[in-house]
Amino acid sequence: MTNEVLLDFNNVTMQFGGVTALSEVSVKIFRGEILGLIGPNGAGKTTCFNVMTGVYQPTQGTVMFNGSDITKLKRYEITQSGIARTFQNIRLFSEMTAVENVMVGADARKTSSIPASLLRTKRQRTEEKESYDRSMELLALMGIADRASDAARNLPYGYQRRLEIARALATEPELLCLDEPAAGFNPAEKQELNELILKIRDQGYTVLLIEHDMNVVMKISDRVTVLDFGRKIAEGLPQEVRENPDVIAAYLGVPDDAA
Amino acid sequence: MSQLLILWKRFYSLFAGVQAHWKSMSRVQRLSGYALAVLALYLAPWWPKIPGIGWLVNTPGTQFSTVLNDQVIIFVLVALGLNVVVGLAGLLDLGYVGFYAVGAYVVGVLTSQHASLPWIVALPIAVLVSMLVGVILGTPTLRLRGDYLAIVTLGFGEIIRISAKNLDWLGASRGISDIGKPPSIGPLKFGVIDPKPYYWLGLTLVFLVVFCLYRLEESRVGRAWTAIREDEDAAELMGVNTFKFKLWAFAIGAAVGGLAGAHYAGKVGFISPDNFPLQLSILFLAAVVLGGSGNMPGAILGGIMVAWLPERFRNFTDKRVLVFGIALVLVMVFRPEGLLPRRVRTKTAMRTSSDGKEVAQ
Amino acid sequence: MKKSRIVRASALIIGLSLVGVACGGSDDSTSDGAAASCEGVKIAFFGALTGEAGNLGVNIKKGLDLAVAEFNEANADCQVGIEAYDSQGDPDQAPALADKAIADASVLGIVGPAFSGESKAVNGKFDEAGLPIITPSATNADLSKNGWKIFHRALAGDDKQGPGLATKITADGKMKVGVLDDASEYGKGLADIVQTSLGDKAVEMNSIDPESADYSAVVTAAKDAGIDALFFGGYYAAAGKLAKQLRDGGVDAQLYFGDGVLDKGYIEAGGPAAEGSIIGCTCAPFDSNATFLKAFQAKFSEDPATYGAEAYDAATVFLAAIKSGARDRAAILSFIKAYDAPGVTKQLKWDETGEVVGTAVYAYTIKDGKIDGSLGLIK
Amino acid sequence: MPDWLIVRTFWDLTVTGLALGSIYALVALGYTLVYGVLRLINFAHSEIFMVGTFSALIASTQFLNIPLLEDGNYPYRAGGTLVLFLVFILFAAMFISGVGAVALERIAYRPLRGNGDAFGAIALAFLTAFVLGLIFVNETKANLIIACVGTAPISYSYIRFFKKGKKAPRLAFLISAIGASTAIAEAVGIWGPNRREQYQTPRILEKKVLFKALGTDVRVDYVIVIVGALLMLTALTLFVNKTKLGRGVRAVAQDAETARILGVNVDLIIVVTFALGGVMAGGAAMLFTLVYDQSRFNIGFILGVKSFTAAVLGGIGNLKGALLGGFMLGLVENYGSALFGGQWKDVIAFVVLLVVLMVRPTGILGESLGRARV
């Protein structure tokens, strides 16, 4: 972890009609860290994600990534500039094979298009091979290479969750946003996932993690940001946040393992 | 009941067995198999003479080889093109007949109405113009969601037909006659009566289109299209420039539709707005979905069925359309994914594998 | 390793196809020409028997049936067959049917094609194959200008009908005539000719969509223009709807139509609004020939309808050719070229473009819910 | 003011445009309701309308024994008899169209939702047998019956048991709808009264000019159509907003899964939706015959396309949008015809649709029965 700011989520307000989902939220993510983003249901975590990845245009505020403003960029341009994400409810391309799913992500970095594909130029073939090799590598990294040729919809739940991460990683992001990757996992699986996320971080990726399960978040996050009702109420090291009275109040009545 | 189920499964496993057997053969054997199949297709005009299966394929009341070209080839080409738009990219296009008409009209205008270019020169222009029209129509409309797109494309199909019907420049309701024909090559004479050369030309075009589309499908382009069809938002968030690829799908579909129209115009020599009714768009779509959308063999089969069946069963002429309608409902009830549903391809994995070995299953 | 079934199947198909190639040059032709007797001699009908415009084709087919039945009865040693090619009036379906007719060597002549659109799509084929045709109903003026040697029609074209109608309208003293059409090839073509013939009496009223239910925009325009007559080029179903809505909308201009409206369907569709409309046609009144009328009524227990008599005439010419001993298409064609005899509708003699020499235009009117031919010749 | 046709005849065009627009609007309601609940373009809805026109025609000629013409004149009625007759014909058309729409759902859509019931299964079994009988057996009644008896149990069991719970892809619904649409139109064309020819209706309402306003004759039939359409829309809105079933319709449109969990009988709601759409189409059909007094087997197709356009124009899924879209389309078509000529009518309609969608991608009033998908 360095002190270099990778993503600067600057004073963002997001309103839907009359409802304010985020209110003047500022978050900084440093290169190489795992930042945990927590908060009760409806606190605005996924909205944060959606603003970062261009799904929503914020009503106010800017998102700076690597020093440039990405607020107005199109979604695919944001991905190509280095932010990738997974989804809270799995959104794989279910009719495609696992490896094809990952290849779609890998293609984000490729340039050959229709004419090249039609002519099968040398570069196109090289790129296809690169995409394929990289995708298989990522599937292996996630431990799901054995089902590479199966349709995504036929994969077991845990595989699908990990496939989403592989697909996101294939876009070669600098920042990886994981939206509740451990949802629906049992403790053993969660443990595996924790190790996986740490491994990813150690490969040089920056990770933004939304998680319900406090144990997961506290265990692996370098820093934690807490949202409640669309406002940032706390930020800091896991230990500090855990003892923050505002956070305790926000979570009162919500058991730690609410996921 | 359970016995029925078992029978059903047997039937399927038999089918799978043939497939496995096919895969187990050597490359040479497979290639020679393909070559023989292709040759058999080129000899299709003589199929009705084959004892045994002749009665099955023959079309009583109409000339079989004319049906092969004017109906079957046209529908197969169109189904292939529309399959890119609807089956692969998941864009519901109810006005596809418009592109078909553009192709035919460009050839008509360039070879007869306002110029007398040879057909062979007009053909690529027709394809390009259709593609351009696809881009022009697609640019404003592809931002619309699925069903809005459907009604807007339907409107475009109608706009093109009505314009052709009312613009004197396009021959209005008189249509365009004396459209140029493909140049004769050696003994192959593209005349008025013998439809066989047109069929062979059309079949060659089909192979060409299949080849090109196969290359696109088996590349990043095909993956992008499928991803868009499966989940457009997720695709965009994975870095797919969805608008660009949707526009490409639209343009390529339009180009193939235009090619079909140009081939048709060259064959029949006369086109009028009555050749391009809105209902034809719906038949085209039916061909794609009936056969199995998103799957080239399916689209081809669907095209063949929709074109050939009505001619085969000409003997109950007045009930043909009724039967067609009921059959559409029945096929959708019994096989909602079409006659040849698309299967998840495993080929990508095997073919592009870096070390040439098949990926462990 | 065994040979694949697919390989075997393909090989089998190829082999058998080659056998087919060897056996006969042209595909699925059924006959190899006829001998001196009339065995395997057929006259074909080509046009719509089913579908949208099926009525018209059925009328024509009846005329053909009657002629052939009479001939076969009179010539026990020469039985001529009938083949029907039902195109549903669709230029898309027509070529495959035409090729079938061409390939069937026993088909020596064609009564049809019934419509102008399908004629354009297939007449070139018939011309190249030398298969003579006599159409009893395709009246589009341009058809005879294509240089088709095999083309004949048993009635005058729209280039005669249009001026005839204009003459009638002028003779009726109409000064401001709205000219409307259905944007079909037939309707637009005829309306244009009528408009040109009328000169500055005509008021251009554009087109309507025949499938549409609502013509209120046209009714409003007609009312606004203050016309005293209206010509509509189109078919009977649209004409009926139009007449009704014009009358309901308070337009009482005299209505004129072309032969596409000469059908009892117009009266059904128009109801009281159809009364008094004037319809032009180059076809002769059904009762102009008493023998034909009686024979027709005896066979079908109904009156002949539009083009029935023309179809009868066309068939008669072919049958006369067969009677004269012509057994191939070329002989039949030269027989027709030289033919000059009275038919039930008119003198049957063709010029080199295939136009019949008689160019009479008749006017019909609707009286007491019936088509009335008493207006007689208008030109 | 320029002396254009459209300026001179503006109010004439407005009245007739609103009358046609009312019919578009009523048919559009059916598209909108079904789309809102099932996210399905019910392509066969236009044929439900067509069946409605035939029901109205048959109700008047067969049940009320009104002749087409009496001594060459229309058999006009007046006063109480007229009202009674009109109401009877209206209910006949509504009833048959409603039943038709429900049957359509059972046969062509429900089996695709993996929820086929006995009625649909039996109907489909017989349709299968009919097709097979036509293809493989000569078309005699005895052979058709044999084919039915032979194949019905197989298809019946297949639909009832093997297809349980399997939901077909969206396109399959559309194709099934197109097939059903074709089949219904053709069946009426083959076996209906007067087959493929135009079918006339007796005209019992004299088309008198009711009053003059702004230099325009306002005819009584136009007034009935416009007022009738407004009344029916009001009734429908009340039903959807105030009754339990209506709330169910809205709930399912919002989120079918949640509604199911909350105890809403989704299948029942879908039936209600189709029935409502059918009834509205039946009403539209009766009003249509009142103004245009004729019908034909293929009358539905173009009118259906237009009405669906109207629904999209107003914002599909939105009841008020259907009304607005219908009126707007009727007017635009009429004004456009006067400006550019009747042959460009459809082009004008579609261009307006395109322009509106460019500015407002979910129609003028937006979607409301359900919500826009992300």
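The exercises below work through interfaces between chains and between domains in a predicted model, each with a solution in steps.

**Exercise 1. The contact of chain B with chain D**

Task: Determine how many residues of chain B and of chain D are in contact, and which helix of chain B gives the most to the side that touches chain D.

Solution. Begin with the extent of the interface: 50 residues of chain B are in contact with 64 residues of chain D, and the two chains bury about 5,000 Å² between them, with 80% of that area on carbon and sulfur atoms. Next, turn to the polar terms, where the count between chain B and chain D is zero salt bridges and likewise zero residue pairs in polar contact, with both residues required to be at pLDDT 80 or more. Then assign the side of chain B to its secondary structure: helix 1 (2-24), helix 6 (119-141), helix 7 (146-166), helix 12 (278-291) and helix 14 (320-334) of chain B each supply at least two residues. Of the elements of chain B, helix 7 gives the most to this side, with 13 residues. Finally, sorting the side of chain B by class yields 36 nonpolar, seven polar and seven charged residues.

**Exercise 2. The contact of chain A with chain B**

Task: Establish how many salt bridges and how many residue pairs in polar contact are counted between chain A and chain B.

Solution. First set the frame: the contact takes 44 residues from chain A and 40 residues from chain B, and the area buried between these chains is about 3,800 Å², of which carbon and sulfur atoms give 58%. The salt-bridge count between chain A and chain B is six. A salt bridge is also formed by B:Arg223 with A:Glu128, whose closest N and O atoms are 2.9 Å apart, and this pair meets the definition because the nitrogen must lie within 4 Å of a carboxyl oxygen. The count of residue pairs in polar contact, both at pLDDT 80 or more, is 16. On the side of chain A that touches chain B, the elements that each supply at least two residues are helix 2 (75-81), helix 3 (98-107), helix 4 (114-119), helix 5 (122-142) and helix 6 (157-170). By class, that side of chain A has 17 nonpolar, 13 polar and 14 charged residues.

**Exercise 3. The two domains of chain A**

Task: Find which residues of domain 1 of chain A lose the most area to domain 2 of chain A.

Solution. Start from the assignment, which gives domain 1 (1-82 + 173-259) and domain 2 (92-156 + 164-172) of chain A, with C-alpha centres that lie 27 Å apart. The contact takes 15 residues from domain 1 and 10 residues from domain 2, and the area buried between the domains is about 1,000 Å², of which carbon and sulfur atoms give 68%. Within domain 1, A:Gln80, A:Pro173 and A:Leu196 lose the most area, together 40% of what that side buries. The polar terms between these domains are zero salt bridges and two residue pairs in polar contact, both at pLDDT 80 or more.

**Exercise 4. The two domains of chain C**

Task: Identify the residue with which C:Glu185 forms a salt bridge.

Solution. Chain C is divided into domain 1 (12-156 + 285-348) and domain 2 (158-281 + 361-377), and 14 residues of domain 1 are in contact with 13 residues of domain 2. The area buried between these domains is about 1,200 Å², with carbon and sulfur atoms giving 47%. The salt-bridge count between the domains is one, and C:Glu185 forms a salt bridge with C:Lys120, the closest N and O atoms being 2.6 Å apart. Helix 4 (residues 116-129) of chain C gives the most to the side of domain 1 that touches domain 2, with three residues.

**Exercise 5. The surroundings of D:Leu29**

Task: Decide whether D:Leu29 is buried or exposed.

Solution. Locate D:Leu29 in helix 2 (residues 10-38) of chain D. Its relative accessible area is 1%, so D:Leu29 is buried, the cut-off being under 20%. D:Leu29 touches D:Leu233, D:Leu236, D:Met280, D:Leu319 and D:Ala322, not counting residues up to four places away in sequence. The C-alpha atoms of D:Leu29 and D:Leu323 are separated by 7.7 Å, although these residues are 294 residues apart along the chain.

Conventions
Residues numbered from 1 in each chain as written. Chains lettered and ligands numbered in written order. Predicted model: local features only at pLDDT ≥ 70, side-chain atom pairs only at ≥ 80, totals over all residues. Heavy atoms only, no water. Domains from an automatic or database assignment. Contact = heavy atoms within 4.5 Å. Buried area = accessible area lost by both parts, 1.4 Å probe. Salt bridge = Lys/Arg side-chain N within 4 Å of Asp/Glu carboxyl O. Helix = DSSP H or I, 4+ residues; strand = E, 2+ residues; numbered from the N terminus. Polar contact = N/O pair within 3.5 Å; in protein donor to acceptor, adjacent residues only side chain to side chain. Nonpolar A, V, L, I, M, F, W, Y, C, P; charged D, E, K, R; others polar. Buried < 20%, exposed > 50% of the residue type's maximum accessible area, 1.4 Å probe, protein only.
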